[in-house]
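This report looks at the empty spaces in and on a protein model, and then at its surface, its backbone and its charged pairs.

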Amino acid sequence: MMYSFMKKFKILLCISFVLTALSIYINWYVNKELSQRSYTGTYQNCHKIWASRGLYENRKEQNSIVSFQRAFSLGAIGGEVDFYYDVKLDDFIVSHDRPKKDKNGVNIYQKKLTLNELLIATSKNHYFWFDYKNLDRLSADETKRAITRLKNITAQGDLRNRIYLEGSNPLKLSQYTNAGFNTILAVGLLPSDNIFSGFVAKVYKVVYYFSNVTALAIQYGKFDNPKYSSEAINSLSNIPRFIFHVPVDEALINSLIKDSNVRVVLVGRDLSVNKYNMNVCI
C-alpha cells in the first residue's frame with residue numbers, strides 16, 4: 001500500500017513539475033513576443049483623462065448629449081459611453097442600466113438616445129470608449145448585425161479610428177477587431193492582498209496575447225488595496241491599458257498618466273469629476 005502511495009505521489013510530483021515548467025515557458029514566451037509588438041496605432045495622446053458618462057450634474061444627465069458637450073467644452077478629449085445593442089431595433093441605445101421589457105418583450109429604456117444621435121452631436125475630433133453592455137449576450141447572427149450597424153454609424157471620416165469598444169468576452173470582442181474596430185478587453189484583476197493576484201494578472205496577459213484585441217480595460221480598485229497593483233503593472237508590461245474607477249487623488253492620477261502604457265484614465269466611480277486639465281503635455 002505504501003508503494004502504491006509513493007508511486008502516485010511521484011506521478012503527481014512529475015505532473016506538477018511539468019505544469020510549472022510549462023507555465024514559466026509560456027510566460028517567458030509571451031513576454032518576449034509582447035515586448036516586440038508595436039502599439040503606435042493605439043491612442044497615445046498627452047490628454048489621457050476622459051469623461052466617464054460625460055460631465056453630469058445629476059444621474060439623469062449621465063450618458064447624455066448635454067453631459068458630453070459640457071465635458072468636451074471644458075477640455076476632455078474623450079468620453080466613456082455605455083450602450084446596448086437592441087436586436088429588435090437593430091440599433092445601439094445609450095444607457096448604463098439594463099432595459100426592462102414590456103409584455104411584448106420590447107425593451108424599455110429610461111431615455112431613448114441612440115448612439116448615432118450622440119455621435120452626430122458630439123463626435124467631431126473627440127474619442128470614445130464604448131462600454132458594450134450586452135456584447136456577451138448576443139448570438140452569432142446578432143453579433144454580425146451589430147457589427148454591420150456599427151460600421152454604418154461610424155463610417156464618416158476617421159471616426160472609427162477614434163472609438164474603442166470594451167467587452168469581457170475576448171472571442172466576441174475579437175470579431176469587432178477583425179471588422180476594423182479598436183477593442184479593449186475588460187479584465188477582472190484581484191486586489192493586491194489576494195495571494196493569487198499576480199497569477200491572475202499573468203493569465204490575463206496570456207489571454208490578451210492569444211486574443212485579437214487592442215488593449216486592456218482595468219478597474220483600479222481601492223486606493224489602499226488596488227487591483228491595479230505594482231505586481232499587476234509588472235505582469236502586464238508593454239500592454240496598452242485603459243484604467244477606470246481611479247480614486248480622486250492627484251498624486252495617484254499624476255503617476256498613472258505619466259506611465260506610457262496607460263493610455264486613458266477615468267477618474268471616480270459613479271462620480272462626475274473634472275480633472276481634464278491634468279495632462280502630460282510638454
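The largest pocket of this predicted model is lined by 33 residues, and D131, K133, E166, F244 and H245 are the ones that lie nearest its centre. Its volume comes to about 580 Å³. Several strands contribute to this lining: strand 2 (78–86), strand 7 (127–132), strand 8 (163–167), strand 9 (182–187), strand 10 (215–219), strand 13 (241–246) and strand 14 (262–267) each supply at least two residues. Sorted by class, the lining of the largest pocket holds 13 nonpolar, nine polar and eleven charged residues.

The second largest pocket has a volume of about 300 Å³. It is lined by 16 residues, of which Y85, P99, K101, N107 and N134 are the closest to its centre. Strand 2, which also supplies at least two residues of the lining of the largest pocket, gives the largest share of the lining of the second largest pocket, with three residues. By class, the lining of the second largest pocket divides into seven nonpolar, three polar and six charged residues.

Enclosed space is a separate matter. The count comes to one cavity of 30 Å³ or more, and about 50 Å³ of space lies in the largest cavity. Its lining is made up of I49, W50, S52, G54, L55, V267, L271, S272, V273 and Y276. Strand 1 (residues 49–52) provides the largest share of that lining, three residues. Seven residues of the cavity lining are nonpolar and three are polar, while no charged residue is found there.

On the surface, Y25, I26, W28 and F210 form a nonpolar patch with about 470 Å² of accessible area together. Helix 1 (residues 2–35) gives the most to this patch, with three residues, whereas F210 lies in helix 6 (residues 197–210). F210 counts as exposed because its relative accessibility is 59%, and exposed residues are those over 50%.

Two aspartates call for a look at the backbone. D90 has a phi near 50°, a positive value in a residue other than glycine, and its place is in the loop between strand 2 and strand 3 (91–94). With a relative accessible area of 30%, D90 is partly exposed. D270 likewise is not a glycine and has a positive phi, of about 50°, but D270 is found in the segment after strand 14. At 54% relative accessibility, D270 counts as exposed.

Charged side chains remain to be described. Side chains of opposite charge can pair when their charged atoms come close. A search of the whole structure finds twelve salt bridges, and the table lists some of them.

| Salt bridge | Closest N to O distance |
|---|---|
| D82 and R53 | 3.4 Å |
| E57 and R70 | 3.8 Å |
| D158 and R162 | 3.1 Å |

What places do the partners D82 and R53 take along the chain? In the salt bridge of D82 with R53, at 3.4 Å, D82 lies in strand 2 and R53 in the loop between strand 1 and helix 2 (65–73), so the pair ties together parts that are 29 residues apart in sequence. Both D82 and R53 are buried.

The side chains of E57 and R70 meet in a salt bridge at 3.8 Å, N to O. This pair links distant parts of the chain, with E57 in the loop between strand 1 and helix 2 and R70 in helix 2, 13 residues apart. E57 counts as exposed, at 63% relative accessibility.

In the salt bridge between D158 and R162, at 3.1 Å, N to O, D158 is partly exposed, with a relative accessible area of 43%, whereas R162, at 9% relative accessibility, counts as buried. Beyond these pairs, salt bridges that share partners join R53, D82, D131, K133 and D270 into one network. Of the members of this network, D131 and K133 are also among the residues that lie nearest the centre of the largest pocket, and D270 is the residue with the positive phi of about 50° in the segment after strand 14.

Key. Residues numbered from 1 in each chain as written. Predicted model: local features only at pLDDT ≥ 70, side-chain atom pairs only at ≥ 80, totals over all residues. Heavy atoms only, no water. 1 Å grid on protein atoms, 1.4 Å probe; cavity = no way out; pocket = protein on both sides within 12 Å on 5 of 7 lines; lining within 4 Å. Points joined across faces, edges and corners; volume = space filled by probe spheres on them. Helix = DSSP H or I, 4+ residues; strand = E, 2+ residues; numbered from the N terminus. Nonpolar A, V, L, I, M, F, W, Y, C, P; charged D, E, K, R; others polar. Patch = residues over 30% accessible without salt bridge, like charges linked within 9 Å, V, L, I, M, F, W, Y side chains within 5 Å. Areas by Shrake-Rupley, 256 points an atom, 1.4 Å probe, with all protein chains shown as cover. Salt bridge = Lys/Arg side-chain N within 4 Å of Asp/Glu carboxyl O. Buried < 20%, exposed > 50% of the residue type's maximum accessible area, 1.4 Å probe, protein only.
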